[in-house]
Amino acid sequence: MPTNVNPTVRRRRLGQELRRLRELKGMTAEEVAERLLVSQSKISRLENGRRSISQRDVRDLCGVYEVEDHRVVDSLMQMAKDSRQQGWWHAFGDIPYSVYIGLETDAESLRVYEPQVLPGLLQTRSYAEALISGALPEAPPSDIDKRVNVRLRRQERVSSPDNPLRLWAVIDESALRRQVGDKQVMTEQLEHLIEQSQLPHVTVQVLPFEMGAHPGINGQYAILEFPDAADSSVVYIEGVTSDLYLEKANDVQRYSVMYEHLRAQALNADQTREFIGGIIKGYTG
């Protein structure tokens, strides 16, 4: 395992390996939980990488699975130790979507559909400030500032000269029409969106109102893909109080097919830039 893999991904890989060992043993998560006198939900969270895992947890699980190769046990123990290290986002304190940030940081490509607002990775500071302030009217200024700074830090993956994130964004027309902040904020934001869309690794498409009903009608989602074949793709669906992560192959395939339909129905990249330019004229004219 390379030393630069972030803790979120380490937890995920460790969980996958522990699940594999359990299945080789022919045991259910419920049976393991009973043996260790813990809840079944704890075993599930350890296996899906959503919970920090201690070296003691690994030792106990390896004991239940009767893993006799000490090299395997030592390797898993080291992964557990490394997975408890902190990623860059921990410096900002408690971030509600820290699991997603960890995945995004290590992703090779991201496909996102946004029906209401512009993608966070393509937002200007002014737009992000106005958006987060409106979405969290009771949040203190310090919390707003923290969330904005985290969002801007995430954008470094898009501008990275060595390993840029391949980003494909399908945006509903309503996200472009919704005025966030004043007209100057929107003008700067839409000009920035056009500028970013011209990067070779960024594709932006607008889904106009005239397309009517479409596969993304139920809301926002993102599909993350990773450079290591051992890391399965993840569908991320953002929620108000909790987020949903789908990793089963059938679920990922279903959302991927939906995304291909969205791409086909949306304006192409050149048409999108022309479309956005027309909206900018409405703000400046």
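## Around helix 7

Helix 8 (141-154), helix 10 (173-177) and helix 11 (183-197) are among the elements that cover the buried residues of helix 7. Here helices (H or I, at least four residues) and strands (E, at least two) are DSSP runs, numbered from the N terminus. Contact means heavy atoms within 4.5 Å. Which residues of helix 7 (residues 125-135) are the buried ones? They are Y127, A128, L131 and I132. Looking down the axis of helix 7, you find these buried residues within an arc of 120 degrees, so they line one face of the helix. That arc is taken from the directions that run from the helix axis to the C-beta atoms. As for "buried", it means under 20% relative accessible area, with exposed over 50% and partly exposed in between (1.4 Å probe, protein chains only).

One residue of helix 8 is D145. D145 has 40% relative accessibility, so it counts as partly exposed. Its C-alpha atom and that of V240 are separated by 19 Å, with the two residues 95 apart along the chain.

## What kind of model this is

This is a predicted model, where local features need pLDDT of at least 70 and side-chain atom pairs count only at pLDDT 80 or more, while totals for chains, interfaces and linings use all residues. Residues are numbered from 1 along each chain as its sequence is written, and side-chain values use heavy atoms, with hydrogens and water left out.

## The whole chain

The protein chain's secondary structure adds up to 13 helices and 6 strands. Of its 285 residues, 48% count as buried. Along the principal axes, the C-alpha atoms fill a box of roughly 75 × 40 × 35 Å. Take the contacts between residues at least 6 apart in sequence: 73% of them join residues at least 24 apart.

## The sheet

The 6 strands of an open sheet run in the order 3-2-1-4-5-6, with mixed pairing. Strand 3 and strand 6 (244-246) sit at the edges with a single partner strand each, so one side of each has no neighbour in the sheet. From one strand to the next, the twist averages 15 degrees. Two strands pair if DSSP finds at least two bridges between them.

Strand 2 (residues 166-172) is mostly covered, with 5 of its 7 residues buried. Strand 2 pairs in the parallel sense with strand 1 (residues 109-114) over 6 bridges, and R111 stands opposite W168 of strand 2. Strand 2 also pairs with strand 3 (residues 202-207), again in the parallel sense and over 6 bridges; there, A169 has V204 as its bridge partner. Strand 1 and strand 4 (residues 221-225), on the other hand, pair in the antiparallel sense over 5 bridges, and L110 has L224 of strand 4 as its bridge partner.

## Helix 1 and helix 3

Helix 1 (residues 7-25) has 19 residues and spans 27 Å from its first C-alpha to its last, close to the 27 Å expected at 1.5 Å a residue. The expected span is 1.5 Å times one less than the number of residues. Just past helix 1, G26 takes a positive phi of about 75 degrees.

How do helix 1 and helix 3 (residues 40-48) meet? Their axes come within 6 Å and cross at roughly 125 degrees. Axes are lines fitted to C-alpha atoms, for helices over the stretch in contact, and angles run from 0 to 180 degrees between N-to-C directions. Helix 1 and helix 3 are therefore oblique to each other (under 35 degrees is roughly parallel, over 145 roughly antiparallel, 65 to 115 roughly perpendicular and the rest oblique). G15, Q16, L18, R19 and R22 of helix 1 make the contact with L46, E47 and N48 of helix 3.
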